[in-house]
Amino acid sequence: QVQLVESGGGLVQAGGSLRLSCAASGSRFSINAMGWYRQAPGKERELVAVITSGGTTNSADSVKGRFTISRDSAKNTVYLQMNNLKAEETGVYYCYCNAKIGVPSFNYWGKGTLVTVSS
């Protein structure tokens, strides 16, 4: 099993910034990718950004130029720097990790951290 612990959510005004962190822990696991999804009230969960073990990133078009995903492989931690936040980006942000303990790989999810952007 892989456990994910998120931090960094909170209340911010529109145009402000927040930095989310997510640390993965467990025993003898290998991470393929980590990232962030979000779920706004009444909407489906959607991809925000993901980074692979090789450093390749992918992000939603709506956040490009404002959000930056990065990782610290030594700490099994992924970060999401969110700038110029918009009110419609309010929601629960979930950390995601695709990892393997042997074969095959599995998807793991954090409990989520609430981001509230006030207009």
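Cys95 is buried, at 0% relative accessibility. That value, like the others in this talk, comes from a predicted model.

Let me stay with Cys95, since there is a bond to talk about. Cys95 is joined to Cys22 by a disulfide, with an S to S distance of 2.0 Å. For anyone who wants the chemistry, a disulfide is a covalent bond between the sulfur atoms of two cysteines. What do Cys22 and Cys95 tie together? Cys22 lies in strand β3, residues 18-26, and Cys95 lies in strand β9, so the pair ties together parts that are 73 residues apart in sequence. The torsion about the S-S bond is about -85°, so this disulfide is left-handed. Cys22 is buried too, with a relative accessibility of 1%.

The count by the distance rule is 1 disulfide. You may have noticed Cys97 in the sequence, so where is the cysteine sulfur closest to the sulfur of Cys97? The closest one is in Cys95, at 6.9 Å. The cut-off for a disulfide is 2.5 Å, and 6.9 Å is too far for a bond. As for its surroundings, Cys97 counts as buried, at 0% relative accessibility.

Now to the sheet that contains β3. In what order do the 4 strands of this open sheet stand? The order is β1-β3-β8-β7, and the pairing is antiparallel. The edges are taken by β1, residues 2-7, and β7, residues 67-72. Each of these two has a single partner strand, so one side of each is left without a neighbour in the sheet. On average, neighbouring strands in this sheet are turned by 15° against each other, direction ignored.

One pairing in a little more detail. Strands β1 and β3 run antiparallel and are joined by 6 bridges. Within β3, Ser21 is the residue that stands opposite Ser7.

Last, a residue from a loop. Glu89 sits between β8, residues 77-82, and β9, residues 91-100. Is Glu89 buried or exposed? Glu89 is buried, because its relative accessible area is 3% and the cut-off for buried is under 20%. Which residues does Glu89 touch, leaving out those up to four places away in sequence? The contacts are Arg38, Ser62, Val63, Arg66, Phe67, Asn84 and Val115.

To go back over the cysteines: Cys22 and Cys95 form the disulfide, while the sulfur of Cys97 is too far from the closest cysteine sulfur for a bond. That is the end of my part.

Notes. Residues are numbered from 1 along each chain as its sequence is written. This is a predicted model: local features need pLDDT of at least 70, side-chain atom pairs count only at pLDDT 80 or more; totals for chains, interfaces and linings use all residues. Side-chain values use heavy atoms; hydrogens and water are left out. Buried means under 20% relative accessible area, exposed over 50%, partly exposed in between (1.4 Å probe, protein chains only). Contact means heavy atoms within 4.5 Å. Two strands pair if DSSP finds at least two bridges between them. Axes are lines fitted to C-alpha atoms, for helices over the stretch in contact, and angles run from 0 to 180 degrees between N-to-C directions.
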